[in-house]
Every structure is written in C-alpha cells, then in structure tokens.
Amino acid sequence: MADLSTDQVLAALEGFVDAELGQGLVEAGCVENLQVDAGRIQLECVLPFACGSRHAALKAELEALLKQSFPSVSVDVQVSQRIDAHPSAKKLPGLAGVRNIIAVASGKGGVGKSTTTVNLALALAAEGARVGILDADIYGPSQGMMLGVAEGERPETAEEKYFRPIERHGIQSMSMSYLVDENTPMVWRGPMVSGAMQQLLNQTLWQDLDYLLIDMPPGTGDIQLTLAQRVPVTAAIIVTTPQDIALLDAKKGIEMFRKVDIPVLGVVENMSVHICSNCGHEEALFGAGGGERIADDYDTELLGQLPLALAIREQTDAGKPTVIAEPDSSHAQRYREVACKAGALLAKKVQSAGNSIPNIAVELD
C-alpha cells in the first residue's frame with residue numbers, strides 16, 4: 001500500500017456527487033490537504049456554503065467510500081465549510097464586513113416575504129454562517145419586531161457617523177424601525193427612501209458576515225433600482241404564494257432583476273399548503289404547483305415550499321421565529337433545507353459579464 005498515490009484517492013472520490021452542489025466534490029474543488037502516506041489517507045472536505053448539519057453524515061459517507069476502495073489503509077476525513085465572497089454582476093466595490101448580499105424580494109405584499117427572510121437568516125446561522133438582515137422596507141419595517149427587539153431600543157453609534165447593528169438570536173440587523181417611533185409614518189418621496197436605505201446599508205458596521213439578507217419592500221420601484229445600480233448585490237431570491245395573482249407579480253420581480261443583471265437563485269413558494277393546527281390536515285388554499293411553474297418558466301430553481309401554519313405566524317409575532325422557537329420541528333427543517341439549497345446555488349453560480357445597466361435620468365420638479 002506504500003505505492004498508493006493521491007491520484008488514486010482522487011479517482012476514488014471522482015464519482016461522489018454532492019446533492020446540493022449537483023457536482024462532484026473533486027470537480028467543485030472541495031478536497032483539500034490530501035495526504036497519503038504509510039497506509040493512511042487524510043483529507044479535508046471544505047464545502048463552499050453553510051450546511052453545518054450535514055458535516056457528520058458527509059464525513060461518514062466519505063470515510064466509508066475510501067475504506068471500501070482501500071480496505072487496508074486508515075482513513076481520516078475532516079469536513080468544514082468556507083463561504084467565499086462572490087462579486088456582484090456589475091463588479092461594484094464590495095461592502096465592508098460583508099461577503100455576499102442576497103436580496104429577498106416579492107412582486108407584491110402579503111406573501112410572507114419578511115417572515116421568510118428572518119427564518120432563512122436564522123436557518124443560515126443555524127448551519128454555521130454569520131448572517132445579517134437589512135430591513136429595506138422603509139415604509140413598513142417589521143424585522144425588529146420579528147427578531148424580538150424591544151420598542152425604543154436604539155443602535156449604538158461609533159465615530160458619530162456609524163451604527164452598530166443590533167444583534168438578536170445571533171443575527172445582526174439594521175432597520176428604520178430602530179431609528180423612529182413605530183407609530184411614525186415615513187411620509188417620504190422615492191429619492192428620500194432610496195437615500196435612507198443606502199445610509200442604513202453603508203453606515204452600519206457589519207461584522208464579518210457571510211451573508212447579508214436584504215428584506216426588500218414589495219414592488220419594482222426606487223429601492224430596487226437603487227440596489228441594482230449602487231449596491232453590490234450578489235443574487236436575489238423571490239418569494240411568492242401559489243396564487244395566480246401573486247405569481248404574476250413574482251414574474252415581474254424576476255424580470256426586473258434580470259434587466260439589471262442580478263441573478264435570481266430561485267423561488268420560494270410560501271403558504272404552499274394550509275396545515276390545520278387541530279388535526280394536521282393539509283389543504284392547498286391558494287392553489288398548487290405555482291412556484292414550480294414559475295421556476296420552470298424562468299429556468300430557475302424552486303428552492304422550497306413552506307406551509308401556511310398558525311405556529312409560524314405566532315412565533316414570528318412573538319419575536320422568536322420558528323427556526324429559533326422550534327428548531328427541531330418540520331417547519332424549521334424546511335427553512336434549513338431552503339437555506340442550504342440557496343447557499344449551494346450561490347456558491348456554484350457563474351457570473352456572466354452581462355450587459356451594462358441602463359442609465360436612468362430623473363428630473364425633479
């Protein structure tokens with residue numbers, strides 16, 4: 001066995017395809033620090049996305065594969081993850097303290113986008129990532145309440161011009177709700193809203209984030225255009241319900257991101273089925289298969305289907321979203337599956353040069 005080479009070990013691993021990445025671990029560049037000597041194989045498998053809950057199982061699978069291929073050697077596989085920064089499509093300068101920015105958007109309100117955003121953020125954190133949320137819905141910010149931030153709590157400042165994000169459940173967050181009274185309406189025109197969003201984003205001292213999720217307001221207006229032109233957004237996720245009218249608006253959201261060269265990782269179908277809190281009966285109140293259809297139409301992915309369940313609403317309203325309140329529940333598991341899939345898609349996506357963003361001239365009277 002002294003003649004065993006690294007090439008033989010790599011050949012044995014060639015056929016091992018990671019379910020989330022959809023490609024072999026060797027092809028994906030995940031095999032590192034491979035050492036073969038004195039009847040012993042050592043290697044590290046470094047995954048490029050957040051999936052901490054899978055590490056133990058993957059370690060066991062790889063060790064079993066190598067022991068089967070080379071019965072007379074000892075095998076030691078270590079599994080870890082390293083989330084790299086992916087450049088924005090337009091190669092804008094990165095945001096300090098943030099590796100990747102993901103916009104979570106919907107074409108219309110009322111589809112549970114903010115609830116999905118906070119649970120996805122918590123799911124990514126549960127899988128071992130460092131995560132933040134920017135609540136970009138200036139007119140109706142809700143992330144503070146969902147994260148359990150007390151009314152009136154204000155972010156600390158630094159150097160009289162920066163905010164320190166408020167942290168809850170391991171998530172860094174910034175929201176307009178931290179700066180104004182919750183009953184104060186934001187009676188602002190579009191340019192003021194876009195400016196406020198940029199200030200919240202750029203004047204917050206984000207601390208070493210793998211992912212910053214931006215909870216977008218509904219629609220395809222000023223804030224979305226500002227993001228596309230001035231913020232290094234890595235990719236977007238679209239949240240919809242199966243209802244036909246929601247799907248129409250979700251399509252507009254996908255088209256908008258495509259026009260400004262922001263890749264769409266996929267679609268999350270929220271409120272896919274209603275789960276009765278008494279008997280557990282499931283019923284598709286808003287129709288079925290809508291998320292899958294729109295994903296097929298736009299050659300993107302259906303990241304997952306999330307239920308309409310009373311517990312999800314109650315837990316989020318109470319400031320302890322499902323992933324924190326019931327981490328072992330089937331609902332929390334669905335959020336974690338969506339988070340892992342989105343992270344894997346982001347890790348393997350190939351950025352294209354794309355077309356230049358159109359110049360938009362606006363004259364204010």
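## Histidine 331 and its surroundings

Let's start with histidine 331, which touches Ile275, Pro307, Ala309, Ile312 and Thr322, not counting residues up to four places away in sequence. This is a predicted model, so keep that in mind for everything that follows. Histidine 331 sits in helix H11, which covers residues 330-348. Is histidine 331 buried or exposed? The relative accessible area of histidine 331 is 12%, so this residue is buried, the cut-off for that class being under 20%.

## How H11 meets H3

H11 also has a helix to lean on. The axes of H3 (residues 113-126) and H11 come within 8 Å and cross at roughly 75°. That makes the two helices, H3 and H11, roughly perpendicular. On the H3 side, the residues involved are Thr115, Thr116, Asn119, Leu120, Ala123, Leu124 and Ala126, and they meet Tyr335, Arg336, Val338 and Ala339 of H11. Sorted by class, the contact of H3 with H11 holds seven nonpolar, three polar and one charged residues.

## The eight-stranded sheet

Now for the sheet that H3 lies on. Eight strands form an open sheet with mixed pairing, in the order E10-E11-E7-E12-E6-E13-E14-E17. At the edges are strand E10 (166-168) and strand E17 (301-305), and each of them pairs on one side only. On average, and ignoring direction, neighbouring strands of this sheet are turned by 25° against each other.

Two helices that lie across this sheet are worth a look. Helix H3 lies across strand E6 (98-105), strand E7 (131-135), strand E11 (171-175), strand E12 (209-215), E13 and E14, and runs at about 175° to E12. Helix H8 (residues 290-297) lies across E14 and E17, and its angle to E14 is about 160°.

## A closer look at E13

Which strands does E13 pair with, and in what sense? With strand E14 (residues 264-269), strand E13 (residues 235-240) pairs in the parallel sense over five bridges. E6 and E13 also pair in the parallel sense, over four bridges. If you want to find these pairings in the structure, try a few residues: valine 239 has valine 268 in E14 as its bridge partner, and isoleucine 238 has valine 267, also in E14. Towards E6, isoleucine 102 has alanine 235 in E13 as its bridge partner.

E13 is mostly covered, with six of its six residues buried. Ala235, Ile237 and Val239 point one way from the strand, while Ala236, Ile238 and Thr240 point the other way, and all are buried.

## The three-stranded sheet

There is another open sheet to look at, this one with three strands in the order E3-E4-E5 and mixed pairing. E3 and strand E5 (74-81) stand at its edges; each has a single partner strand, so one side of each is left without a neighbour in the sheet. Neighbouring strands here are turned by 10° against each other on average, direction ignored. E3 and strand E4 (residues 40-47) run antiparallel and are joined by five bridges.

Helices pack here as well. Helix H1 (residues 6-13) packs on the sheet, touching E3 and E4, and its direction makes about 130° with that of E3. Helix H2 (residues 55-69) lies across E4 and E5, running at about 150° to E5.

## Valine 31 on the edge strand

Valine 31 belongs to strand E3, residues 31-37. Its bridge partner in E4 is cysteine 45. Leaving aside neighbours within four places in sequence, valine 31 is in contact with Leu10, Leu13, Leu25, Val26 and Glu44. Valine 31 has 21% relative accessibility, so it counts as partly exposed. Proline 71 comes 40 residues away from valine 31 along the chain, and the C-alpha atoms of the two are separated by 20 Å.

## Cysteines

How many disulfides does a search of the whole structure find? The search finds zero. Cysteine 340 is in no disulfide, and the nearest cysteine sulfur, that of cysteine 51, is 5.7 Å away. For a disulfide, the two sulfur atoms would have to be within 2.5 Å.

Two cysteines show opposite exposure. Cysteine 340 counts as buried because its relative accessibility is 5%, whereas cysteine 279 counts as exposed at 58% relative accessibility.

Definitions and conventions: Residues numbered from 1 in each chain as written. Predicted model: local features only at pLDDT ≥ 70, side-chain atom pairs only at ≥ 80, totals over all residues. Heavy atoms only, no water. Buried < 20%, exposed > 50% of the residue type's maximum accessible area, 1.4 Å probe, protein only. Contact = heavy atoms within 4.5 Å. Pairing = 2+ DSSP bridges. Axes fitted to C-alpha atoms, helices over the stretch in contact; angles between N-to-C directions. Parallel < 35°, antiparallel > 145°, perpendicular 65-115°, else oblique. Nonpolar A, V, L, I, M, F, W, Y, C, P; charged D, E, K, R; others polar.
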